[in-house]
Amino acid sequence: MPRASSKKSLTPPPDPIPGRVDPCLATLIDKPPIGPEWAFEVKWDGYRLAVHIEPGRLRIITRGGYDWTTRFPAIAAEAQLLGVETAILDGEAVVLDDSGRSDFGMLQRALGRRPASHEPGEIILFVFDLLYLDGSDLRRLPQRERRRLLEQVLPVDRRGAIRLSEEVPAAGDEFLRVACAHGIEGIVAKHRERPYRSGRRLDWLKITCKRRDSFVIVGFEPSTVPGAIGRLLLAARRTGELVYVGGCGTGWTYAESAKLRELLDAIQADSPAVNLKRKGAVFVEPVLVAEVEYRAWTDEWKLRHAAFKGIRERADDATVFDLSDS
């Protein structure tokens with residue numbers, strides 16, 4: 001009678017699926033890199049999300065690690081129909097305007113952050129990376145290989161709530177010129193030979209038409225118009241603390257300013273969250289974050305030509321600008 005083989009199966013065990021992956025973040029530079037090793041995509045203007053697909057469970061996780069599955073019902077529903085057993089998709093949730101550009105204000109309205117004229121079903125997830133697929137952790141693979149696998153899961157021509165963020169076959173400087181001419185926020189460059197590494201790296205680069213970041217609202221100056229905001233007072237992070245970086249007084253309509261004033265009046269504080277004395281200022285609890293577009297920094301690290309673009313909760317604290325990275 002033949003003896004049973006004592007050899008173990010040569011099939012390697014599946015990689016455990018991570019409970020959460022800190023996202024790879026793009027480093028801001030002034031000009032696009034040059035060379036065939038770089039791939040270029042549109043820089044989307046929305047919320048960074050990771051979609052975790054597992055047997056019997058689906059989660060949509062924010063950049064800061066919060067579970068927002070219930071806020072993106074259309075994306076969650078489509079993710080379960082992609083034909084994969086397990087996967088982690090990395091992408092950006094956006095709402096597109098009539099010209100096909102992502103609009104952060106429209107996204108906020110769809111999520112119920114401001115008076116709604118858009119529905120949650122209008123939110124689209126543009127996926128630009130695949131971190132895990134059917135038992136294999138793909139983060140160690142080069143970007144070009146992860147991209148090849150992603151395009152098998154999400155074809156280029158796919159429409160609906162989950163779509164592929166397309167690579168643009170063009171030189172970076174020409175792509176940036178066209179993107180800026182069409183009112184797009186900027187572009188992203190990714191090194192084709194690098195693995196996926198969490199944190200801010202030189203593997204991914206972003207080049208913007210204008211700078212845009214998130215800052216904690218620490219107070220405001222009332223407008224001469226009753227019930228409105230004259231200027232928001234803003235702070236960035238530095239070594240774990242909040243530091244005052246100036247303010248912005250444009251970028252909103254009267255209705256938006258009045259709504260913002262109502263929100264801030266409800267969270268007034270007796271003392272500022274930063275080292276700041278300003279006559280006539282009203283200080284607030286540092287729980288809201290403003291999306292701000294600006295041109296540059298002064299030598300004293302104050303914002304230049306800042307304009308308000310939207311508001312979000314500070315719960316997703318990873319989005320707040322950190323001066324330590326500059």
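Hi everyone. Let me start with a word I'll lean on: a residue is buried when its relative accessible area is under 20%. By that rule Phe 215 is buried, and so is Tyr 294. Please keep in mind that what you have in front of you is a predicted model.

How far can we trust it, then? The mean pLDDT of the chain is 89, and 93% of the residues reach 70 or more. One stretch to watch is residues 114-118, where the pLDDT is below 50, although the model does give this stretch 13 contacts beyond near neighbours in sequence. As a general caution, predicted coordinates should not be read in detail where pLDDT is low.

Now to the aromatics. How many aromatic pairs does the structure hold? There are 11 of them. To describe a pair of rings, one gives the distance of the centres and the angle of the planes. Take Trp 44 and Phe 126: their ring centres are 4.0 Å apart and the planes meet at 5°, so this pair is stacked. The two residues come from distant parts of the chain, 82 residues apart, with Trp 44 in the loop between strands E2 (38-42) and E3 (47-54), and Phe 126 in strand E6 (residues 124-133). Are these two buried or exposed? Trp 44 has 15% relative accessibility, which is under the 20% cut-off, so Trp 44 counts as buried. Phe 126 is buried as well, with a relative accessible area of 7%.

Back to the residues I opened with. Phe 215 and Tyr 294 form an edge-to-face pair, 6.0 Å from centre to centre with 70° between the planes. This pair also links distant parts of the chain: Phe 215 sits in strand E11 (residues 211-222) and Tyr 294 in strand E15 (residues 288-294), 79 residues apart. Which residues do ring pairs link into a cluster with them? Trp 297, Trp 301 and Phe 321 join Phe 215 and Tyr 294 there.

Rings also have charged company here. Arg 71 lies over the face of Trp 68, 4.1 Å from the ring centre. Likewise, the charged end of Lys 190 sits over the ring of Trp 204, at 4.1 Å from its centre.

Hold on to Lys 190, as we meet this residue again in a sheet. Four strands form an open sheet in the order E1-E10-E9-E2, with mixed pairing. Which strands stand at the edges? They are E1 (24-28) and E2; each has a single partner strand, so one side of each is left without a neighbour in the sheet. From one strand to the next, the twist averages 40°.

Let's look at the E2 end. E2 and strand E9 (residues 186-191) run antiparallel and are joined by five bridges. Across that pairing, Ala 39 stands opposite Lys 190, while Phe 40 has Ala 189 as its bridge partner. As for cover, five of the five residues in E2 are buried.

At the other edge, Thr 27 lies in strand E1. Its relative accessibility is 18%, so Thr 27 counts as buried. Leaving out residues up to four places away in sequence, Thr 27 touches Arg 200, Arg 201, Leu 202, Trp 204, Leu 205 and Lys 206.

Close by in sequence terms is a loop between E9 and strand E10 (199-208), and Arg 197 lies in it. Arg 197 is partly exposed, with a relative accessible area of 34%. With the same sequence neighbours left out, Arg 197 touches Cys 24 and Asp 203. The C-alpha atoms of Arg 197 and Val 21 are 9.5 Å apart, though 176 residues separate them along the chain.

Last stop: strand E6, home of Phe 126. E6 is mostly covered, with 10 of its 10 residues buried. What does E6 pair with?

- Strand E5 (residues 87-94) pairs with E6 in the antiparallel sense over eight bridges, and Gly 91 stands opposite Val 127.
- Strand E8 (residues 162-164) runs parallel to E6 and is joined by three bridges, with Leu 125 opposite Ile 162.
- Strand E7 (residues 136-137) is antiparallel to E6 over two bridges, and here Tyr 132 stands opposite Asp 137.

E6 and E7 form a hairpin with two residues between them, and Asp 134 in the turn has a positive phi of about 45°. That's my tour; thanks for listening!

Terms used. Residues are numbered from 1 along each chain as its sequence is written. This is a predicted model: local features need pLDDT of at least 70, side-chain atom pairs count only at pLDDT 80 or more; totals for chains, interfaces and linings use all residues. Side-chain values use heavy atoms; hydrogens and water are left out. Rings of Phe, Tyr and Trp (its six-membered ring) pair if their centres lie within 6.5 Å; planes under 30 degrees apart count as stacked, over 60 as edge-to-face and the rest as tilted. Buried means under 20% relative accessible area, exposed over 50%, partly exposed in between (1.4 Å probe, protein chains only). A charge sits over a ring if NZ of Lys or CZ of Arg is within 6 Å of the ring centre and within 35 degrees of the ring normal. Two strands pair if DSSP finds at least two bridges between them. Axes are lines fitted to C-alpha atoms, for helices over the stretch in contact, and angles run from 0 to 180 degrees between N-to-C directions. pLDDT is the predictor's confidence in each residue, from 0 to 100. Contact means heavy atoms within 4.5 Å.
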